[in-house]
Amino acid sequence: MTASRVISPREPGGTIHRQGIITRYTLSERVNHWFGALTYVYCLMTGLAFWSPYMFWLAALVGGGPTARSWHPWFGLAFTASMVVMYIHWDRDMQITAADLRWKDAIQHYIRNEDEQLPPEGRFNYGQKLFFWLMLFGIILLLISGIGLWFVESIPGSLRWLRYLAVAIHVATALATIGAFIIHVYMGTAMVRGGFTSIIRGEVSANWAKTHHRLWYEQITKGTTSEK
């Protein structure tokens with residue numbers, strides 16, 4: 001018997017391999033994900049260094065104060081580009097569905113790591129989708145306010161309130177994304193075994209897919225046939 005293979009017409013991944021391994025993330029998705037993660041971490045470290053004198057030591061880890069100040073906005077633009085690519089990759093997958101709302105109502109089981117009691121979900125669960133949209137809209141606010149701070153000398157003194165507004169928006173949005181980022185990393189590494197390796201190797205077992213994302217599993221296996 002040869003291996004069954006199917007590529008979902010909707011999902012960029014979804015190839016079923018001989019050993020029952022399913023492609024969860026394509027190479028381009030993984031490369032862009034890690035590019036976005038690294039650029040975001042750089043912005044996080046430099047941003048915290050600028051925000052509080054107690055955290056300025058972080059600047060020493062990323063080139064020193066002047067270097068960090070120079071590169072922070074450029075890394076911000078790089079992260080913005082990464083989020084645009086993520087949106088292109090995952091727009092349809094990140095839409096909130098009725099299944100997501102059912103999953104949200106049972107989120108206590110996810111917190112307790114009782115995945116077997118959760119309603120079936122698609123390729124991404126409700127929490128992952130919330131993180132995605134928070135980061136997407138967050139980067140829009142960070143970009144707009146960041147441009148104002150980047151070229152702050154161009155804002156006339158009569159409109160100095162724009163400077164204060166840009167600072168307030170940039171700081172508040174950055175702190176919101178940092179909190180979400182910490183939760184995302186924790187959930188992906190400590191809570192869901194196999195989630196972290198999937199974004200590195202791009203593959204998961206069929207059992208993992210069936211347990212954590214049953215609707216996605218059923219979608220990509222629908223119509224699969226075996227050749228004898």
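1. Start with E29 and R123, whose side chains meet in a salt bridge, with 3.0 Å from N to O. Keep in mind as you look that this is a predicted model. The pair links distant parts of the chain: E29 belongs to helix α1 (residues 27–51), while R123 is in the loop between α5 (107–111) and α6 (126–150), and 94 residues separate them. Are these two residues buried or exposed? Both E29 and R123 are buried.

2. R123 has another partner to look at. Its side chain also meets that of D93 in a salt bridge, this time at 3.4 Å from N to O. D93 sits in the loop between α3 (65–90) and α4 (98–105) and R123 in the loop between α5 and α6, so this pair ties together parts of the chain that are 30 residues apart in sequence. D93 is buried, as is R123. Try selecting the three residues together in your viewer: E29, D93 and R123 are linked in a network of salt bridges.

3. If you are wondering about the chemistry, side chains of opposite charge can pair when their charged atoms come close. How many salt bridges does a search of the whole structure find? The count is 3.

4. Now turn to D100 and K129, which also form a salt bridge through their side chains, at 2.6 Å from N to O. Because D100 lies in helix α4 and K129 in helix α6, the pair ties together parts that are 29 residues apart in sequence. Both residues of this pair, D100 and K129, are buried.

5. H213 is a nice residue to visit next. You will find H213 in the loop between α9 (206–212) and α10 (214–221). Its relative accessible area is 3%, which is why H213 counts as buried: the cut-off is under 20%. Which residues does H213 touch, leaving aside those up to four places away in sequence? They are R24, E121, G122, R123, F124, N125, Q128 and W208. R123, from points 1 and 2, is one of these neighbours.

6. Let us move to the surface. There, L141, L159, W161, L162, Y164, L165 and I169 form a nonpolar patch, and together they have about 640 Å² of accessible area. Which helix gives the most to this patch? Helix α7 (residues 160–191) does, with 5 residues.

7. I169, a member of the patch, has its place in helix α7. Its relative accessibility is 31%, so I169 counts as partly exposed, a class that runs between 20% and 50%. A168 lies in helix α7 too. At 45% relative accessibility, A168 is also classed as partly exposed, because that value falls between those cut-offs. For a link across the sequence, compare A168 with S145: they are 23 residues apart in sequence, and their C-alpha atoms are 8.7 Å apart in space.

8. Finally, a friendly word on confidence. The protein chain averages a pLDDT of 87, and 89% of the residues score at least 70. Where is the pLDDT below 50? Residues 1–11 are one such stretch, and in the model this stretch has 32 contacts beyond near neighbours in sequence. Residues 224–228 also have a pLDDT below 50, with 9 contacts in the model beyond near neighbours in sequence.

Definitions and conventions: Residues are numbered from 1 along each chain as its sequence is written. This is a predicted model: local features need pLDDT of at least 70, side-chain atom pairs count only at pLDDT 80 or more; totals for chains, interfaces and linings use all residues. Side-chain values use heavy atoms; hydrogens and water are left out. Patches are made of residues with over 30% relative accessible area and no salt bridge: like charges are joined within 9 Å, nonpolar side chains (Val, Leu, Ile, Met, Phe, Trp, Tyr) within 5 Å. Accessible areas come from the Shrake-Rupley method with a 1.4 Å probe; for residues, only the protein chains shown count as cover. A salt bridge is a side-chain nitrogen of Lys or Arg within 4 Å of a carboxyl oxygen of Asp or Glu. Helices (H or I, at least four residues) and strands (E, at least two) are DSSP runs, numbered from the N terminus. Buried means under 20% relative accessible area, exposed over 50%, partly exposed in between (1.4 Å probe, protein chains only). pLDDT is the predictor's confidence in each residue, from 0 to 100. Contact means heavy atoms within 4.5 Å.
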